[in-house]
Amino acid sequence: MSRLAAGVTIVAARDDAGRCRGFTATSVTSASLEPPLLLVGIARTSSCYPVFRTAREFTVNILKEGHQHLARRFAVSGIDRFAEGGFTEWRDGGPPCLDDAHVSLYCAALDMIPLGDHELLVGRVIEARLPSPEDAPLVWYRRAFGSVTAGSRPPSLTD
């Protein structure tokens with residue numbers, strides 16, 4: 001699986017007490033365009049799992065080049081992952097949003113689907129923020145961080 005390049009995200013929500021909770025995820029994918037749906041893989045052993053099991057809304061914050069420290073921080077257990085970083089509420093009392101993310105997506109939680117040792121969190125994208133869309137997104141490949149930039153326009157099928 002280390003040869004499967006993936007975008008790096010921080011998935012975030014609030015627990016029942018209103019505390020911010022989140023984790024680093026590379027298993028995030030678009031599932032549908034109409035309606036706009038995302039799938040997020042979360043391990044059942046994750047300390048955040050109980051929060052996301054009952055969350056009604058969450059954010060997917062797509063990280064950009066330079067966010068490696070946040071990706072590492074949100075992968076560590078037993079710390080306040082939100083102690084550093086520029087997170088604000090998406091809406092009053094809503095899930096946390098990374099202010100300078102490559103893209104942030106506000107999602108309504110629709111379902112959890114058991115799959116192996118994980119569950120797939122299904123979310124409907126309600127709103128998107130593109131605070132820095134020109135920045136290169138952060139990727140994880142062969143157990144290391146990297147980034148990608150938009151290349152030249154791909155050839156058309158008639159070329």
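Me: In what order do the strands of the open three-strand sheet stand?
Reply: A strand is a DSSP run of E with at least two residues, a helix is a run of H or I with at least four, and both are numbered from the N terminus. Two strands pair if DSSP finds at least two bridges between them. In this open sheet the pairing is antiparallel, and the order is 1-11-12.

Me: What pLDDT do local features need in this model?
Reply: Some ground rules: residues are numbered from 1 along each chain as its sequence is written, and side-chain values use heavy atoms, with hydrogens and water left out. The model is predicted, so to speak with its own rules: totals for chains, interfaces and linings use all residues, side-chain atom pairs count only at pLDDT 80 or more, and local features need pLDDT of at least 70.

Me: Which strands stand at the edges of that open sheet?
Reply: Look for a strand with a single partner strand, because one side of it is then left without a neighbour in the sheet. That is the case for strand 1 (6-7) and strand 12.

Me: Which residue stands opposite glycine 7?
Reply: Strand 1 and strand 11 run antiparallel, joined by two bridges. So look across to strand 11 for the residue opposite glycine 7: there you find valine 139.

Me: What is the bridge partner of tyrosine 141 in strand 12?
Reply: Strand 11 (residues 138-141) and strand 12 (residues 144-147) run antiparallel, with four bridges joining them. Tyrosine 141 has its bridge partner in strand 12, and that partner is alanine 144.

Me: Near what value is the phi of arginine 143?
Reply: Most residues other than glycine have a negative phi. The hairpin of strand 11 and strand 12 has two residues between the strands, and arginine 142 there takes a positive phi near 55 degrees. Arginine 143 lies in the loop between strand 11 and strand 12. Its phi is positive too, near 65 degrees.

Me: Is arginine 143 buried or exposed?
Reply: Buried means under 20% relative accessible area, exposed means over 50%, and partly exposed is in between (1.4 Å probe, protein chains only). Arginine 143 has 64% relative accessibility, so it counts as exposed.

Me: Near what value is omega for the peptide bond from glutamate 34 to proline 35?
Reply: Most peptide bonds are trans. Proline 35 lies in the loop between strand 4 (28-32) and strand 5. The bond from glutamate 34 to proline 35 is cis, with omega near 0 degrees.

Me: Which strand gives the largest share of the largest nonpolar core?
Reply: A nonpolar core is a set of buried Ala, Val, Leu, Ile, Met, Phe, Trp, Tyr and Cys residues joined through side-chain atoms within 4.5 Å. The largest one has 20 residues, and Val11, Phe23, Val40, Phe52 and Phe58 touch the most other members. Elements giving two or more residues to this core include helix 1 (49-54), strand 2 (9-14) and strand 10 (118-129). The largest share, four residues, comes from strand 9.

Me: How far from the side chain of asparagine 61 is the polar contact partner on serine 104?
Reply: Serine 104 is found in strand 9, and at 0% relative accessibility it counts as buried. A polar contact is a pair of N or O atoms within 3.5 Å; within protein, one must be able to donate a hydrogen and the other to accept it, and residues adjacent in sequence count only if both atoms are side-chain atoms. The side chains of serine 104 and asparagine 61 make such a contact at 2.8 Å.

Me: Which backbone oxygen lies 2.6 Å from a polar side-chain atom of arginine 14, besides that of glycine 18?
Reply: Arginine 14 sits in strand 2 and counts as partly exposed because its relative accessibility is 23%. Leaving aside neighbours within four places in sequence, its contacts (heavy atoms within 4.5 Å) include Arg19, Glu89 and Pro95. The side chain of arginine 14 reaches the backbone oxygen of glycine 18 at 2.6 Å. The other backbone oxygen, also at 2.6 Å, belongs to glycine 94.

Me: What is the radius of gyration of the protein chain?
Reply: The radius is taken over C-alpha atoms, and the globule rule is 2.2 Å times the number of residues to the power 0.38. For 159 residues, a compact globule would come out near 15 Å, which agrees with the chain's 16 Å.
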